[in-house]
Amino acid sequence: MGHQKPRTHNQNIKMSYPKLKLTYFKSEGRAEKIRLAFVIGKVPFEDHRITTEWPQVKASAKFGQAPLLEVDGVQYAQSGALLRYAGRLAGLYPSDSLHALRVDEVIALTEDLSSAFSGMYAIRGNSSLSDEEKKTQLEAFFAKVAAETLPKYFAFFDTLLAANGTNGYLVGDSVTLADVVVYTLLRAVVEQHVPIPKSSLDAHPLILAHYNKIAEIPEVKAWYSQTH
């Protein structure tokens with residue numbers, strides 16, 4: 001079994017897909033990697049963004065959470081499961097077992113890094129703190145993440161990129177879910193969704209090159225040229 005190529009780049013294959021509706025908030029958050037997998041793989045889907053109707057959506061949501069994916073009208077949840085399903089439809093999840101293991105390894109690594117940001121929610125939700133105290137604590141929190149946590153994980157990504165050769169991908173010789181999840185995570189820094197200096201990437205040219213490589217995929221460029 002070989003490394004499964006993304007269907008994005010084979011215009012001669014006509015695929016038949018189920019009817020897909022992805023529901024999440026207007027932010028990128030946990031759903032963006034799923035959206036982007038569909039986008040890169042040219043898998044048609046409805047991108048439903050929750051605005052004011054979350055209480056109503058939550059009441060009928062599977063497990064009471066988002067993101068949600070409806071497949072031919074049947075609702076599914078859990079972002080990791082949805083991501084891998086999207087990856088399989090899009091041709092971004094390897095059929096080779098060892099390549100799939102490497103992709104899963106990267107996905108888990110990004111989840112570990114994402115969990116390092118969870119402390120900001122505790123600070124923001126602490127009603128005993130004044131706005132000024134929250135601001136001070138958040139600044140200290142993000143400074144510590146930038147100084148201690150990010151360099152460690154960026155070094156991990158550097159090592160994985162170098163080990164995969166010179167093609168700029170994390171696994172194999174074409175884009176996979178591993179590239180998608182790292183790209184969407186780095187967007188939080190590059191696009192300043194979190195107050196972490198972009199300069200934190202300067203010491204990691206392999207990661208920065210990887211980010212730019214994925215950003216230049218035509219479907220990715222088109223996606224972010226639109227207002228969502």
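**From lysine 42 outward**

Directly following H1, lysine 42 adopts a positive phi of about 55°. Let us start there and walk through this predicted model from that residue outward. Most residues other than glycine have a negative phi, and most peptide bonds are trans. Lysine 42 is not a glycine, yet its phi is positive. The loop that holds lysine 42 runs between H1 and E2. How exposed is lysine 42? The relative accessibility of lysine 42 is 40%, so this residue counts as partly exposed, because that class lies between the 20% limit for buried and the 50% limit for exposed.

Glycine 41 is also found in the loop between H1 and E2. With a relative accessible area of 4%, glycine 41 is buried, since buried means under 20%. If you would like a sense of scale, take glycine 41 and isoleucine 196: 155 residues separate them in sequence, and their C-alpha atoms are 30 Å apart in space.

Now step back into the helix before this loop. H1 is mostly covered, with nine of its nine residues buried. They are Glu32, Lys33, Ile34, Arg35, Leu36, Ala37, Phe38, Val39 and Ile40, so you will find charged residue names such as Glu32, Lys33 and Arg35 among those under the 20% limit. What do the buried residues of H1 pack against? Their partners are the strands E1, E2 and E3, together with helix H3 (79-90), H7 and helix H9 (218-224).

Those strands bring us to the sheet. Four strands build an open sheet, ordered E2-E1-E3-E4, with mixed pairing. Its edges are strand E2 (46-50) and strand E4 (74-77), each of which pairs on one side only. From one strand to the next, the twist averages 25°. Helix H1 (residues 32-40) packs on this sheet and touches E1, E2 and strand E3 (68-71). The direction of H1 makes about 145° with that of E1.

Have a look at one pairing in detail. Strand E1 (residues 20-25) pairs with E2 in the parallel sense, over five bridges. Here lysine 21 stands opposite glutamate 46 in E2.

On the way into E3 there is a backbone feature to look at. Which peptide bond is cis? The bond from alanine 66 to proline 67 is cis, with omega near 10°. Proline 67 sits in the loop between helix H2 (54-60) and E3.

Further along the chain, a second residue invites comparison with lysine 42. Glutamine 192 is not a glycine, but has a positive phi of about 60°. Where does glutamine 192 sit? Its place is in the loop between helix H7 (177-190) and helix H8 (205-215). Glutamine 192 has a relative accessible area of 40% and is therefore partly exposed.

Let us finish inside the helix that follows this loop. Histidine 210 lies in helix H8. Is histidine 210 buried or exposed? Its relative accessible area is 2%, so histidine 210 is buried. Which residues are in contact with histidine 210, leaving aside its neighbours within four places in sequence? The contacts are Leu161, Gly168, Tyr169, Leu170, Asp179 and Val182.

Methods:
Residues are numbered from 1 along each chain as its sequence is written. This is a predicted model: local features need pLDDT of at least 70, side-chain atom pairs count only at pLDDT 80 or more; totals for chains, interfaces and linings use all residues. Side-chain values use heavy atoms; hydrogens and water are left out. Two strands pair if DSSP finds at least two bridges between them. Helices (H or I, at least four residues) and strands (E, at least two) are DSSP runs, numbered from the N terminus. Axes are lines fitted to C-alpha atoms, for helices over the stretch in contact, and angles run from 0 to 180 degrees between N-to-C directions. Contact means heavy atoms within 4.5 Å. Buried means under 20% relative accessible area, exposed over 50%, partly exposed in between (1.4 Å probe, protein chains only).
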